[in-house]
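Hi everyone, thanks for making time this morning. I'd like to walk you through one model, so please have a look at it with me.

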Amino acid sequence: RNASYPFDICQQICQIEEGCDYFIYNKTIEKCQLYGYRYLDSCQIVGGTAYPSIYDCTAMDDSCNAFVYQDCTYPEPVFTDTDVTDSYSCQRLLQTLGFVYQANYFVYNIKSQECHFYKEDSFECDSFCGPKMPTMADCRYTTTLPWSPTTRA
């Protein structure tokens, strides 16, 4: 089969390499990394929409929703709370207060405990990651990415 994007090729390499269950492709440095585990729970910055919940998304390891963007740059936030304990609380704040700020996307920084709201989920990301299966070709027209963990400190 033909791969139309470099991250498709990265996923195909993961499917071939023994012990690979997840891949990351960084378009800026054109690097493909292969992993035998999903490390998203260790991300320092997590972002997403109000729904579905982060709990639901983390349970989708083998679905089209398991593909996520990483290493993202965001616009100026419309709201910031500096005393939020975790990403789940930040998402719940967006569900409760998002309409007040016309926000539909959140980003939570674990280290600084900052919760930011954004009007749009328009951001630029350097990396894309996902499982070796299902293929991105199978998912390309059937799903959107509900949340986007990132690995920047």
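I'll start with the sheet, then go on to the helix and a few single residues. Please keep in mind that this is a predicted model.

So, how are the strands of the sheet ordered? There are four of them, and they make an open sheet that reads β2-β1-β8-β4, with antiparallel pairing. Because β2, residues 31-35, and β4, residues 68-73, each have a single partner strand, they stand at the edges, and one side of each has no neighbour in the sheet. From one strand to the next, the twist averages 20 degrees.

Let's zoom in on the β4 edge. Here β4 runs antiparallel to β8, residues 124-131, and five bridges join the two. If you'd like a place to look, find V68, which stands opposite C129 in β8. Y69 also belongs to β4, and Y69 is partly exposed, at 35% relative accessible area. Now, how far apart are Y69 and E124 in sequence and in space? They are 55 residues apart along the sequence, while their C-alpha atoms are 9.2 Å apart.

Over to the helix. Helix α1, residues 6-16, lies across β1 (22-26), β2 and β8, and its direction makes an angle of about 150 degrees with β1.

Last stop, the surface. Which residues form a nonpolar patch there? They are I9, I13 and L34, and together they have about 220 Å² of accessible area. L34 sits in strand β2, which is one of the edge strands. L34 is partly exposed, with a relative accessible area of 32%.

Thanks for listening, and I'm happy to take questions!

How values were computed. Residues are numbered from 1 along each chain as its sequence is written. This is a predicted model: local features need pLDDT of at least 70, side-chain atom pairs count only at pLDDT 80 or more; totals for chains, interfaces and linings use all residues. Side-chain values use heavy atoms; hydrogens and water are left out. Two strands pair if DSSP finds at least two bridges between them. Helices (H or I, at least four residues) and strands (E, at least two) are DSSP runs, numbered from the N terminus. Axes are lines fitted to C-alpha atoms, for helices over the stretch in contact, and angles run from 0 to 180 degrees between N-to-C directions. Contact means heavy atoms within 4.5 Å. Patches are made of residues with over 30% relative accessible area and no salt bridge: like charges are joined within 9 Å, nonpolar side chains (Val, Leu, Ile, Met, Phe, Trp, Tyr) within 5 Å. Accessible areas come from the Shrake-Rupley method with a 1.4 Å probe; for residues, only the protein chains shown count as cover. A salt bridge is a side-chain nitrogen of Lys or Arg within 4 Å of a carboxyl oxygen of Asp or Glu. Buried means under 20% relative accessible area, exposed over 50%, partly exposed in between (1.4 Å probe, protein chains only).
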